[in-house]
Structure formats: structure tokens, C-alpha cells
Amino acid sequence: MKYARRMLWLFIFLLILTGCILYTFYRQIQNYANTAINIHETTIFILPAGTGRAGLELLLTEQKIINQANIFQWLLKLEPQLAQFKAGTYRLNPGMSLRTMLEIFSAGKEAQFSLLFIEGSRFEDWKKLLQQAPYLKHTLDNQSTDKLAQDLGLPSNQLLEGWFYPDTYYYTAEMSDIDILKRAHQKMLMALEYEWQGRAANLPYKTPYEMLIMASIIEKETGIDTERAKVASVFINRLKKKMRLQTDPTVIYGLGDKYRGVLYRRDLNNSSPYNTYLIVGLPPSPIAMPGRASIKAAAHPDETNYYYFVATGNGGHTFTTNINDHNQAVKHYRQTKDKNE
């Protein structure tokens with residue numbers, strides 16, 4: 001009887017000891033999981049497809065994101081949901097715990113990158129930004145303009161200028177540059193259609209595309225929101241009177257790489273479909289990517305008697321109704337400019 005009692009107490013002791021050891025080991029694993037990973041700045045970590053548990057541990061230790069530890073695999077066994085990681089490109093931040101990192105891998109919350117396209121930028125500017133964008137799949141170099149136009153649902157001979165909405169676009173690694181262009185194109189179509197449907201009456205546009213062309217000119221003429229509808233009114237008034245638009249930004253666009261920052265008189269006499277000092281009406285395409293404010297101004301110009309405007313030299317413009325007042329405004333601008341130089 002005494003022997004049996006001693007054996008019972010021994011069993012209870014061993015059971016308690018084992019429980020204490022297991023609990024201590026469990027707490028060690030939990031503490032390990034809650035320890036911050038070894039990074040001091042935001043780090044991009046690529047988890048290749050087909051990586052297993054041992055492979056992940058090897059990648060993390062090789063990149064010194066975690067320390068070599070025998071309990072990493074025990075953590076994955078104890079919490080198997082953390083072992084369901086997905087391939088991808090992830091952003092790791094300083095102070096992030098090992099558990100948080102594994103939860104991100106398991107949820108497939110890949111890093112997002114951003115691209116900002118500003119109002120008034122051109123398609124060539126967009127191509128350069130896309131080419132420089134990290135982790136983006138670059139395909140535009142192998143894509144003809146006609147093929148890209150067809151992919152966007154445009155006629156194969158359609159110029160691409162103006163057809164993309166300037167905004168901030170987010171993407172994940174290995175997304176295609178064309179995917180971003182498709183999103184920007186769809187956003188522009190929606191914005192243009194909305195403003196076209198609600199446009200003011202008696203505007204001299206036959207198609208939404210002509211309104212887009214006008215919006216791009218407004219975009220390049222002023223960056224002041226309160227002036228856009230007034231600038232639009234000048235061009236609308238001139239179109240209705242069949243006057244030449246005589247706007248410098250279209251001439252500059254037509255010059256392309258020949259433009260060196262200054263317009264000369266010979267440039268205004270240069271034969272080009274974009275030289276609105278020579279042609280009557282709108283140029284054949286937009287000259288930039290207009291923002292929503294410029295599209296809205298093209299659809300809802302102010303009702304004015306203005307036919308001219310010139311820069312004030314202080315950021316805004318002086319608007320006039322006749323050539324004499326315009327010439328005086330030009331003279332004042334030149335005097336202001338000379339004074340400031």
C-alpha cells in the first residue's frame with residue numbers, strides 16, 4: 001500500500017514537472033513569436049512560390065530578419081495557421097513582431113506601391129515613370145502604340161495623349177504597367193462621360209474627344225482652379241467666332257523635342273497641326289493629361305465676353321474683351337516681367 005502511494009505521488013510529481021516544462025517551453029515559443037524582427041528600416045521581403053517551412057526559415061535567417069533559432073519550426077507546428085504562408089512581395093516594418101510578419105505572409109497582404117501622375121503631364125512622362133517604377137512588370141517597350149490603343153479599346157491609329165486620368169495608382173509586385181494604364185484609361189472614360197452628359201448647352205464640341213482636347217489646353221494654360229472656367233470661356237468664344245485659338249501650349253506640343261524652353265516668332269510661323277496661330281479650330285489631339293477640374297471647366301465654361309488673356313506676371317491672368325485692352329495687358333505684363341528680372 002505504501003509502495004502504491006509512493007508511486008502515485010511520483011506520478012503526480014512527474015506530471016506536474018512535465019506540465020511545468022511544457023508550459024515553460026510554450027511561453028518561450030510565445031515570447032519568441034512576439035519578439036520584434038531584426039530590421040531597423042522598412043524592408044521589402046520576397047517570398048518565392050513553392051517555399052516550404054524550412055525554406056522560409058532559411059530565407060529569414062540568411063537575410064538576418066530573424067536569428068537562428070531551433071524553436072521557429074516549433075512555432076509553426078504549435079500555430080499551424082501561421083504556416084499557411086503565400087508567395088509574394090511583402091513590406092516589413094521596424095518593430096514588427098515575428099508573429100505579425102507570419103500573419104501577413106499567411107493572409108497574403110502583399111506590399112503596395114504607388115505611382116503619382118500629375119495633371120498636365122504627357123504620355124511620354126507617364127512611360128518614363130512606369131519604366132522607373134520598382135517591382136512593376138515592364139512591357140511597354142515591347143508594345144507598339146497601335147497595339148496598346150487596341151488593348152484599351154481605341155482605334156489602332158488613335159493617339160494616346162490625353163486618354164489617361166492623372167491620379168495616384170497603387171500596385172503590387174509583378175503587376176503590369178499596361179494594367180495601370182488600363183485603370184487610368186477607364187477612370188478617364190468615366191470622368192469624361194460624366195462631364196459630357198452634364199455639359200452646358202451650345203458648346204462647339206461634336207464629340208467628347210473634342211472636349212477632352214479643350215480640357216488639355218485649359219490644363220496647360222492655368223493651374224489656378226478659379227481661372228479654369230474663365231480660360232475655357234475665352235477659347236469657346238473664339239471657336240464660336242471661328243477665330244484662331246492662338247495658344248502657346250499647343251505650339252510647344254507640336255515642336256516636341258525642338259522646344260528648348262522659349263518660344264520664338266519663327267515657332268509661331270512653323271507649319272504644324274498643333275500650331276493654333278495658323279490653324280482654325282482645335283488641334284488633332286489633346287496635348288496633355290487633363291485633371292478633373294479642367295474637364296469640368298471645358299464642360300461648364302463661364303459665360304463671358306472675353307476673347308483674350310495674358311499672364312499678369314504674378315501667377316494669374318488678365319482677361320480682356322478686345323484687342324486694344326489685350327495689347328495694354330501684354331505691355332503691362334512685359335513691364336512687370338522686366339522689373340522682376
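Why is strand β2 (residues 88-92) largely enclosed by the rest of the structure? Keep that in mind as you go through these close-ups of a predicted model.

**View 1. Strand β2 and its partner, β1.** Here's the answer to the opening puzzle: 4 of the 5 residues of β2 are buried, so the strand ends up largely enclosed by the rest of the structure. Buried here means under 20% relative accessible area. Look next to β2 and you'll find strand β1 (residues 43-47), which pairs with β2 in the antiparallel sense over 5 bridges. To get your bearings, pick out Ile44, which sits opposite Arg91 in β2.

**View 2. The largest pocket.** This one has a volume of about 1,300 Å³. Its lining takes in 33 residues, and Asp248, Tyr277, Val310, Tyr333 and Arg334 are the closest to the centre. Several elements chip in with at least two lining residues each: α9 (225-240), α10 (248-255), α11 (265-268), β5 (308-311) and α13 (323-340). The largest share comes from α13, with 7 residues. Sort the lining by class and you get 20 nonpolar, 6 polar and 7 charged residues.

**View 3. The second largest pocket.** Now we move to a pocket holding about 410 Å³ of space. It has 13 lining residues, and those nearest the centre are Arg122, Glu124, Glu161, Tyr253 and Gly256. Helix α5 (residues 123-132) gives the most to this lining, supplying 4 residues. As for the mix, the lining of this second largest pocket splits into 5 nonpolar, 2 polar and 6 charged residues.

Methods: Residues are numbered from 1 along each chain as its sequence is written. This is a predicted model: local features need pLDDT of at least 70, side-chain atom pairs count only at pLDDT 80 or more; totals for chains, interfaces and linings use all residues. Side-chain values use heavy atoms; hydrogens and water are left out. On a 1 Å grid over the protein atoms alone, a cavity is a set of points where a 1.4 Å probe fits but cannot get out, and a pocket is an open set with protein on both sides within 12 Å along at least five of seven lines; lining residues have an atom within 4 Å of a point. Grid points are joined across faces, edges and corners, and a volume is the space filled by probe spheres set on the points. Ala, Val, Leu, Ile, Met, Phe, Trp, Tyr, Cys and Pro count as nonpolar, Asp, Glu, Lys and Arg as charged, and the others, Gly among them, as polar. Buried means under 20% relative accessible area, exposed over 50%, partly exposed in between (1.4 Å probe, protein chains only). Two strands pair if DSSP finds at least two bridges between them.
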